[in-house]
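Here are my notes on the model you sent, set out as numbered points so that each can be checked against the coordinates. Please read them with the structure open beside you.

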Amino acid sequence: MLAATAATADTLTIATVNNGDMVRMQGLTADFTAKTGHEVEWVTLEENVLRQRVTTDITTKGGAFDIMTIGMYETPIWGKNGWLVPLDDLSAEYDVDDILPAMRGGLSVDGTLYAAPFYGESSMIMYRTDLMEAAGLEMPDAPTWEFVADAARKMTDKDGEVYGICLRGKAGWGENMAFLTATSNAFGARWFDEDWKPQFDTEEWATTLNFYIDLMNEAGPPGASTNGFNENLSLFQQGKCGMWIDATVAASFVTNPDDSTVADKVGFALAPDTGLGKRGNWLWAWALGIPAGTDNEAAAKQFVEWATSKEYIELVAENEGWANVPPGARTSLYENENYKEVPFAQMTLDSILSADPTAPTVKPVPYVGVQFAAIPEFAGIATEVGQEFSAALAGQQTAEEALAKAQALTADAMEAAGY
């Protein structure tokens with residue numbers, strides 16, 4: 001049997017993002033190799049670089065990867081184009097129906113799954129309970145942006161290198177624009193009206209961007225325009241952030257005493273709103289997809305099943321504890337009595353369930369997606385808009401100048417695309 005396994009063993013090349021859960025998966029890959037005989041080579045990249053590399057590879061049929069870490073934005077577009085292998089023949093033991101409906105729907109085209117969620121996330125507030133108490137405040141489960149801004153300013157001690165709030169400023173459609181688009185939803189803004197006309201020249205977007213820049217200038221860390229997920233995670237773990245609004249998946253990292261100096265002083269709340277009916281939280285899954293044309297399709301499917309299975313969750317729990325299992329992908333996880341004891345489990349699920357990609361904004365829109373518009377042109381446009389907004393945060397231009405440029409470049413791109 002061992003000889004037969006060795007004779008049919010493949011080497012899979014997997015592109016992935018450099019965050020904690022993916023790095024943890026790499027450390028457990030020996031379990032997959034022991035079970036299947038297949039070897040794995042990892043290409044681990046910073047988020048913006050990963051998006052660029054996998055997009056270039058799949059659109060040019062480069063064939064560099066057998067498995068790609070992609071998300072809810074790319075999967076439906078690439079699946080519809082025939083660029084991904086459909087995952088419609090996964091084993092009965094895998095239990096596709098156990099995947100949370102929001103995750104399964106966002107990774108499918110016409111009911112066919114094209115990528116399997118490694119973990120799912122929304123965004124929420126992670127905050128220092130000790131600093132909140134010292135400021136004489138109590139965090140509501142569902143706060144407003146007005147409360148968050150007031151708390152951030154009261155918790156800030158710049159001389160002591162403690163900043164009331166840490167938010168994404170690094171340019172990128174999946175970095176600062178993920179946060180700002182979700183935030184703008186709460187302020188009543190939208191990317192496009194029902195006729196696909198850009199809306200950056202509206203009062204709602206002006207309010208959103210000015211609020212964000214003013215708050216970051218008064219209560220944010222220095223150099224915020226270069227901070228993304230990993231940079232803010234590091235700041236929070238070092239005790240330098242009073243609040244951080246970001247991916248729910250970060251909860252296990254900020255509460256891990258091996259990595260976080262404030263692990264026992266962290267509370268959680270829903271992303272803020274402004275009373276208009278929409279919260280500022282997103283919906284996302286980092287998922288594993290298989291490029292069409294790979295020579296190792298069968299082995300790639302085996303890996304996708306292994307890495308996104310109930311058994312993998314058990315493997316992580318056994319090695320790292322239940323707080324560190326990949327969250328947000330499977331219904332059964334939130335029914336597990338061991339996981340119910342994890343302090344951020346319910347808030348993560350509540351955040352995921354409160355995001356509606358089919359109705360993300362206060363006013364009607366022609367697109368699907370909470371922190372993105374699910375059209376092929378979005379990534380390129382939002383990358384450019386993100387650069388303008390990051391420059392405004394850095395003080396290189398005003399918010400009004402950034403919005404005017406965003407309006408012009410988006411209008412040009414959409415006209416060229418035929419909308």
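1. Before anything else, please keep in mind that this is a predicted model, and that the points below should be read as descriptions of that model.

2. I would begin with strand E9, which spans residues 241-247 and is mostly covered, with 7 of its 7 residues counted as buried. Strand E8 (residues 163-166) is joined to E9 by 3 bridges, and these two strands run parallel. Within this pairing, Cys166 has Trp244 of E9 as its bridge partner.

3. Strand E9 is also paired with strand E7 (residues 123-128), this time through 5 bridges and in an antiparallel arrangement. If you wish to find this pairing in the viewer, Tyr127 is a convenient place to look, as Tyr127 stands opposite Met243 in E9.

4. Which residues of helix H2 are buried? In this helix, which covers residues 20-27, they are Asp21, Met22, Arg24 and Met25. These residues lie on the same side of H2 because the arc that they cover around the axis is only 155°. The list includes Asp21 and Arg24 alongside the two methionines, Met22 and Met25, and you may want to look at each of them in turn.

5. Turning to internal space, a search of the whole structure gives 3 cavities of 30 Å³ or more, and the largest cavity has a volume of about 50 Å³. Strand E6 (116-121) and helix H14 (310-320) each contribute at least two residues to the lining of this largest cavity. Among the lining residues are Pro117 and Phe118, as well as Tyr312 and Ile313, and the full lining also includes Ala307, Thr308, Ser309, Pro326, Ala329, Arg330 and Leu333. Sorted by class, the lining of the largest cavity consists of 8 nonpolar, 2 polar and 1 charged residues.

6. Finally, two backbone angles deserve a look. Lys61, although not a glycine, has a positive phi of about 55°, and this residue sits in the loop between helix H4 (47-59) and strand E3 (67-70). Is Lys61 buried or exposed? With a relative accessible area of 72%, Lys61 is exposed, the cut-off for that term being over 50%.

7. The other angle belongs to Trp196, again a residue other than glycine, where phi is positive and near 65°. Trp196 is located in the loop between helix H9 (176-186) and helix H10 (203-219).

Key:
Residues are numbered from 1 along each chain as its sequence is written. This is a predicted model: local features need pLDDT of at least 70, side-chain atom pairs count only at pLDDT 80 or more; totals for chains, interfaces and linings use all residues. Side-chain values use heavy atoms; hydrogens and water are left out. Buried means under 20% relative accessible area, exposed over 50%, partly exposed in between (1.4 Å probe, protein chains only). Helices (H or I, at least four residues) and strands (E, at least two) are DSSP runs, numbered from the N terminus. Two strands pair if DSSP finds at least two bridges between them. The arc is that of the directions from the helix axis to the C-beta atoms. On a 1 Å grid over the protein atoms alone, a cavity is a set of points where a 1.4 Å probe fits but cannot get out, and a pocket is an open set with protein on both sides within 12 Å along at least five of seven lines; lining residues have an atom within 4 Å of a point. Grid points are joined across faces, edges and corners, and a volume is the space filled by probe spheres set on the points. Ala, Val, Leu, Ile, Met, Phe, Trp, Tyr, Cys and Pro count as nonpolar, Asp, Glu, Lys and Arg as charged, and the others, Gly among them, as polar.
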